[in-house]
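The following exercises are to be worked with the sequence and the model side by side. Each task is followed by a solution in steps.

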Amino acid sequence: FARERRLCGETLTPESAEARDLSGVAIVAAGGLEENGWLRARWKDLKLPLSFEADGLVVGPRPGEARGRTLAGRLSLATVPRNPADSSRPALVFTAPDAAGAARALAQFSGRFDYEIFDGTASVKSGLYEKSRVPWRPK
């Protein structure tokens, strides 16, 4: 699970995805950040207002806020950023610090929001992004 991603019906390992031109396609990337080299290498390129830290997930500040919030725990994330190789195409990202958490995010994602954060099978935060500037911000 942590080593595969589907690309227009084609499954790539993180290593082969790293070597490919992924412009012109929608990406579905799944896996733990510890195991998935493509996600780890491209995290900043996704330009998300979310980052994994040692003690949890940091959700960037909303418009009008000076600082973001840290949600504590080994959380998992499902989010819909842009393909870093082609901003006209989407990416679906299901990740966590480990592959098991990423699998839970994939199983729980409803698709109703730009991002959903899970603690086990419980949704702890979901929402939409303010997309008028990059990096995006939570609304």
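**Exercise 1: A salt bridge between two loops**

Glu34 is exposed, with a relative accessible area of 53%; here buried means under 20% relative accessible area, exposed over 50%, and partly exposed in between (1.4 Å probe, protein chains only). The model is a predicted one, in which local features need pLDDT of at least 70 and side-chain atom pairs count only at pLDDT 80 or more, while totals for chains, interfaces and linings use all residues. Residues are numbered from 1 along each chain as its sequence is written, and side-chain values use heavy atoms, with hydrogens and water left out.

Task: Determine which residue the side chain of Glu34 meets in a salt bridge, and where the two residues lie.

Solution.
- Step 1. The criterion for a salt bridge is a side-chain nitrogen of Lys or Arg within 4 Å of a carboxyl oxygen of Asp or Glu.
- Step 2. Glu34 satisfies this with Arg74, at 3.8 Å from N to O.
- Step 3. Glu34 belongs to the loop between β3 and α2, and Arg74 to the loop between β6 and β7, so that 40 residues separate the pair along the chain. Helices (H or I, at least four residues) and strands (E, at least two) are DSSP runs, numbered from the N terminus.
- Step 4. Arg74 has a relative accessibility of 49% and therefore counts as partly exposed.

**Exercise 2: A network of charges**

Task: State how many salt bridges a search of the whole structure finds, and identify which residues are linked in a network.

Solution.
- Step 1. The search of the whole structure yields 5 salt bridges.
- Step 2. In one of them, Arg42 meets Glu18 at 3.1 Å, N to O. Arg42 is in helix α2 (residues 37–42) and Glu18 in helix α1 (residues 14–19), 24 residues apart.
- Step 3. Arg42 also forms a salt bridge with Asp45, where the closest N and O atoms are 3.5 Å apart.
- Step 4. Glu18, Arg42 and Asp45 are thus linked in a network.
- Step 5. The members are partly exposed: Arg42 at 24%, Glu18 at 33% and Asp45 at 36%.

**Exercise 3: An open sheet**

Task: Establish in what order the strands β4, β5 and β6 form their sheet, and why one side of each edge strand lacks a neighbour.

Solution.
- Step 1. Two strands pair if DSSP finds at least two bridges between them.
- Step 2. The 3 strands form an open sheet in the order β4-β5-β6, with antiparallel pairing.
- Step 3. β4 (50–53) and β6 (69–72) are at the edges and have a single partner strand each, so one side of each is left without a neighbour in the sheet.
- Step 4. β5 (residues 56–59) pairs with β6 over 4 bridges, and Leu57 stands opposite Leu71 in β6.

**Exercise 4: Helix α3 and its surroundings**

Task: Find which residues of helix α3 are buried, and what they pack against.

Solution.
- Step 1. In α3 (residues 99–108), the buried residues are Ala99, Gly101, Ala102 and Ala105.
- Step 2. Viewed down the axis of α3, these fall within an arc of 160 degrees, so they line one face of the helix; the arc is that of the directions from the helix axis to the C-beta atoms.
- Step 3. They pack against β3, β7, β9 (86–96) and β10, contact meaning heavy atoms within 4.5 Å.
- Step 4. Strand β10 (residues 115–119) is itself mostly covered, with 4 of its 5 residues buried. β10 pairs in the antiparallel sense with β7 (residues 76–79) over 4 bridges, and 5 bridges join β10 to the antiparallel strand β11 (residues 122–127).
- Step 5. Gly31, in strand β3 (residues 27–32), counts as buried at 0% relative accessibility. The C-alpha atoms of Gly31 and Asp98 are separated by 7.1 Å, although the two are 67 residues apart along the chain.

**Exercise 5: Backbone exceptions**

Task: Describe what is notable about the phi of Lys47 and about the peptide bond from Val134 to Pro135.

Solution.
- Step 1. Most residues other than glycine have a negative phi, and most peptide bonds are trans.
- Step 2. Lys47 is not a glycine, yet has a positive phi of about 55 degrees; Lys47 lies in the loop between α2 and β4.
- Step 3. The bond from Val134 to Pro135 is cis, with omega near 0 degrees. Pro135 is in the loop between β12 (129–130) and β13 (137–138).
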